[in-house]
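User: I should like to go through the terms used for this structure and see what each of them rests on. Please set every value against its definition.

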Amino acid sequence: MSIALIGQLGVTQAFAQAKTQLTVYSAVEADDLKKYKDRFEKANPDIDIQWVRDSTGVVTAKLLAEKNNPQADVVWGLAATSLLLLKSEGMLEAYAPKGLEKLNAKFRDKSNPPAWVGMDAWVAAVCFNTVEGKKHNLPIPTSWQDLTKPVYKGHVVMPNPNSSGTGFLDVSSWLQIFGEQKGWAYMDGLHENIAKYTHSGSAPCREAARGEYPIGISFAFRAARSKAEGAPIEIIIPSEGIGWDMEAAAIMKGTKKLDAAKRLIDWAVSEDANRMYNEGYAVVAIDGIAKPVEHFPAGIVNAMIDNDFEFAAKNRTKILAEWQKRYDGKTEKK
């Protein structure tokens with residue numbers, strides 16, 4: 001081996017060792033993690049993202065359990081309702097990233113500087129497999145209330161809100177749409193028709209797309225991607241309106257890699273990042289960036305309810321406990 005080559009290898013190894021490794025907790029869809037990492041690291045080659053990925057409820061519980069010994073440097077892609085909860089526990093490092101002024105006001109924490117910043121919105125949707133629906137003589141539902149009709153008994157799957165952010169936005173939105181008493185009554189009726197509760201927000205749509213169940217309560221991003229892959233599904237936006245949450249990012253208080261963490265948050269709210277989010281999500285944090293996403297239903301933005309994130313965050317523990325007491329018996333085994 002030549003001296004020049006040895007020297008080059010030494011420089012390469014030194015550069016690799018010089019990279020700052022950021023531990024990033026996320027609930028971003030697993031098939032998008034590589035894209036997020038590659039795009040960020042292309043712009044920041046001296047930083048290496050180490051993902052810890054799970055569903056929203058699991059990541060939130062893990063962060064809370066680690067409160068006194070934080071393991072994450074950054075959260076990139078977790079529900080805003082979860083970050084509001086972490087903020088209330090004093091776990092987030094407030095930071096005003098470069099370009100903050102470009103964000104729609106809904107997509108940032110109200111404090112100055114903000115404890116978290118938004119990325120994109122994911123919205124509830126119903127995936128209906130037309131082939132399976134025809135096989136079982138099921139009419140296409142048009143509302144949430146339709147899903148309580150006896151004809152759908154055993155044909156509906158939805159996410160467990162204790163493990164899934166999509167499941168939680170469904171439950172919290174029904175309590176807002178119908179009111180608390182009628183909301184729980186609605187879920188009692190829906191429960192009669194549920195075949196099982198999944199641990200993942202995307203699983204109900206995946207299973208509907210594969211024909212395992214005719215109807216999956218999931219979210220529009222996964223529905224659109226499944227349809228683009230050729231699945232025989234209709235994407236239904238219920239007439240009463242749809243719940244939604246936003247994916248958001250924040251720095252964890254106590255990180256020893258604060259400068260690198262700030263650079264990730266800077267990039268997470270950049271126009272380049274918002275264009276990346278728009279590859280799967282129809283609503284992003286910077287107005288004027290989003291272009292229509294293939295297979296997203298028309299009028300989806302107008303169907304999004306005026307979501308009370310403070311209500312959802314403050315009542316999260318109580319809502320989840322009540323839901324578990326009533327319905328957890330149909331949750332799939334891990």
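User: What share of the contacts in the protein with a separation of 6 or more comes from residues 24 or more positions apart?

Analyst: The model is a predicted one. In it, 74% of the contacts with a separation of 6 or more join residues that lie 24 or more positions apart. A contact here requires heavy atoms within 4.5 Å.

User: What makes the protein as compact as a globular protein of that length?

Analyst: The protein has 14 helices and eleven strands. Its radius of gyration is 21 Å, and the globule rule gives 20 Å for 334 residues; the two values are close, so the protein is as compact as a globular protein of that length. Along the principal axes, the C-alpha trace spans about 75 × 45 × 40 Å.

User: Why is Trp267 called buried?

Analyst: The relative accessible area of Trp267 is 11%. Buried means under 20%, and Trp267 is therefore buried. This residue is found in helix α10, residues 258–268.

User: Which residues does Trp267 touch, not counting residues up to four places away in sequence?

Analyst: Trp267 touches Arg39, Phe40, Ala43, Asn44, Trp76, Asp272, Ala273 and Met276. Of these, Phe40 is 227 residues apart from Trp267 in sequence, while the C-alpha to C-alpha distance is 7.1 Å.

User: How do you know that both faces of strand β6 are covered?

Analyst: In a regular strand, side chains alternate between the two faces of the sheet. In β6 (residues 156–159), Val156 and Met158 lie on one side, Val157 and Pro159 on the other, and all are buried.

User: Which strands pair with β6, and in what sense?

Analyst: β6 pairs in the parallel sense with β7 (residues 194–198) over four bridges, and in the parallel sense with β8 (residues 215–219) over two bridges. Two strands pair if there are at least two bridges between them, so both cases qualify. Met158 stands opposite Tyr197 in β7, and Val156 has Ile215 in β8 as its bridge partner.

User: What makes helix α4 mostly covered?

Analyst: Seven of the nine residues of α4 (residues 80–88) are buried. They are Ala80, Thr81, Ser82, Leu83, Leu84, Leu85 and Leu86. Gly90, whose phi is positive, near 70°, follows the helix.

User: How many residues of the protein are there, and what percentage of them is buried?

Analyst: There are 334 residues, and buried residues make up 56% of them. As for the accessible surface, it comes to about 14800 Å², with 51% belonging to carbon and sulfur atoms.

Definitions and conventions. Residues numbered from 1 in each chain as written. Predicted model: local features only at pLDDT ≥ 70, side-chain atom pairs only at ≥ 80, totals over all residues. Heavy atoms only, no water. Rg over C-alpha atoms; globule rule 2.2 N^0.38 Å. Buried < 20%, exposed > 50% of the residue type's maximum accessible area, 1.4 Å probe, protein only. Areas by Shrake-Rupley, 256 points an atom, 1.4 Å probe, with all protein chains shown as cover.
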